[in-house]
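Colleague: I would like a close look at a single part of this model, set against the rest of the chain. Please take your time over the answer.

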Amino acid sequence: MNVNVAGAFVYFTIPIFGGINITQTTVSSFLVSLFLIILCIKLGKNLKKRPDGLQIMVEKGVSMLYNMVEDSMGKHNLHWAPFIGTIFLSSILGSLIGMTGFLRSSTADLSCVLVWAVMVSVIIWYNSIKRNGFVGWLKGFTEPIAFMTPMNIVSEIAQPVSMAFRHFGNVAGGGVITSILYTAFAILSNKVLGAIAGSGVAVGIVLLIVGAALIVLWKLRTHKLLHLILGCVSAVLGLFGLLQALGILSGVPILAFGIPALLSCYFDIFSGFVQAYVFTLLTMTYIASACPPPESEEAAQ
């Protein structure tokens, strides 16, 4: 994940309206939108009555989306399915794009997810006004009693803020943790492997032999996890310390590969999918509350 703790880098500024900054987030969001547009056009062309493998997968995904919207929002809200799907895919791809190494995750920028959350709130307010009228919508802030008005207003403001910070905090926090660990392991790699290489090839050979012996011992006799772990660590340190002593891979932070990469997979892939699902689920819940079934409106009247 490519996350700059100081914020998104500004590539250039368009000199209109006081200056419009084109940042890493802007580029990432544009590329995600462009990819989704091209993907939809590509997958929506040349549909067959007897679908092949790809078309079957696409139709299954669309069916799952509409079933999820129907179960969460009701059949009368199925027209929101394309919007819900767009939010979900934009969130996932916005997180995954950071794994390229040179692009920033758009969801790691608060401005991006805050725009999504405010857009959801505007949709909720619009549908509430459409259903109850502007005066009826304003009366909702004074219910159940008048002095609750300030708290109701704060609640309306807190809703998009909490949605945005939940998504942004998890993605950006994961990126910061991964970056810190990568730096720490890079420093540790230079210190440890540098010390082994500085002692000559003998130390690397000894560590390699000890590591191989522990692995063989684990395989043939003990089957203790500690022996396997110590054997792997000793063998890795010995091998790469020996390579650096021989002038091969000199200065390469070998220990920085592995653990940070696994954490990146967790924060970028697993956590990215979870946060996208949570944000989408909250979006469906809030919009469904502002768009009740027609029979509920008639009963209320």
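Is Asn46 buried or exposed? Please start from there, and then take me through the surroundings as far as they can be followed.

Modeller: Since this is a predicted model, what follows describes computed geometry. Asn46 counts as exposed, because its relative accessibility is 67%, and the residue is found in the loop between H1 and H2. Its backbone deserves attention as well, for Asn46 has a positive phi of about 55 degrees although it is not a glycine.

The two helices on either side of that loop lead on to the largest pocket. Helix H1 (24–44) and helix H2 (53–73) each give two or more residues to the lining of the largest pocket, as do H3, helix H4 (110–139) and helix H8 (259–290). The space in this pocket comes to about 1,200 Å³, and of the 43 residues that line it, Leu36, Leu65, Gly85, Thr86 and Leu89 are the closest to its centre. By character, the lining divides into 29 nonpolar residues, 13 polar residues and one charged residue.

Two of the helices that contribute to the lining can be followed further through individual residues. In helix H3, which spans residues 81–96, one finds Ser91, and this serine counts as buried because its relative accessibility is 0%. The side chain of Ser91 makes a polar contact with the side chain of His167, at 2.5 Å. Leaving aside residues up to four places away in sequence, Ser91 touches Thr107, Trp116 and Ala276 as well as His167.

Helix H4 holds Asn127, and here the setting is unlike that of the asparagine in the loop: Asn127 is buried, because its relative accessible area is 13%, whereas Asn46 is exposed at 67%. With residues up to four places away in sequence again left out, the residues that Asn127 touches are Trp80, Ala290 and Cys291.

The cysteines raise a separate point. Cys40 is exposed, given a relative accessible area of 54%, while Cys112 counts as buried, because its relative accessibility is 10%. A disulfide is a covalent bond between the sulfur atoms of two cysteines, and a search of the whole structure finds zero of them.

Further along the chain, Val210 is found in helix H6, residues 201–222, and counts as partly exposed, because its relative accessibility is 39%, a value that falls between the limits of 20% for buried and 50% for exposed. The C-alpha atom of Val210 is separated by 8.8 Å from that of Gly238, although the two residues are 28 residues apart along the chain.

To set these details in the whole, the secondary structure of the protein chain comes to nine helices and two strands, and from the N terminus on the elements run β-β-α-α-α-α-α-α-α-α-α. Of the 301 residues of the protein chain, 32% count as buried, with Ser91, Cys112 and Asn127 being examples of buried residues. Among the contacts in the protein chain with a separation of 6 or more, 69% are accounted for by residues 24 or more positions apart.

Notes: Residues numbered from 1 in each chain as written. Predicted model: local features only at pLDDT ≥ 70, side-chain atom pairs only at ≥ 80, totals over all residues. Heavy atoms only, no water. Helix = DSSP H or I, 4+ residues; strand = E, 2+ residues; numbered from the N terminus. Buried < 20%, exposed > 50% of the residue type's maximum accessible area, 1.4 Å probe, protein only. Polar contact = N/O pair within 3.5 Å; in protein donor to acceptor, adjacent residues only side chain to side chain. Contact = heavy atoms within 4.5 Å. Disulfide = S-S within 2.5 Å. 1 Å grid on protein atoms, 1.4 Å probe; cavity = no way out; pocket = protein on both sides within 12 Å on 5 of 7 lines; lining within 4 Å. Points joined across faces, edges and corners; volume = space filled by probe spheres on them. Nonpolar A, V, L, I, M, F, W, Y, C, P; charged D, E, K, R; others polar.
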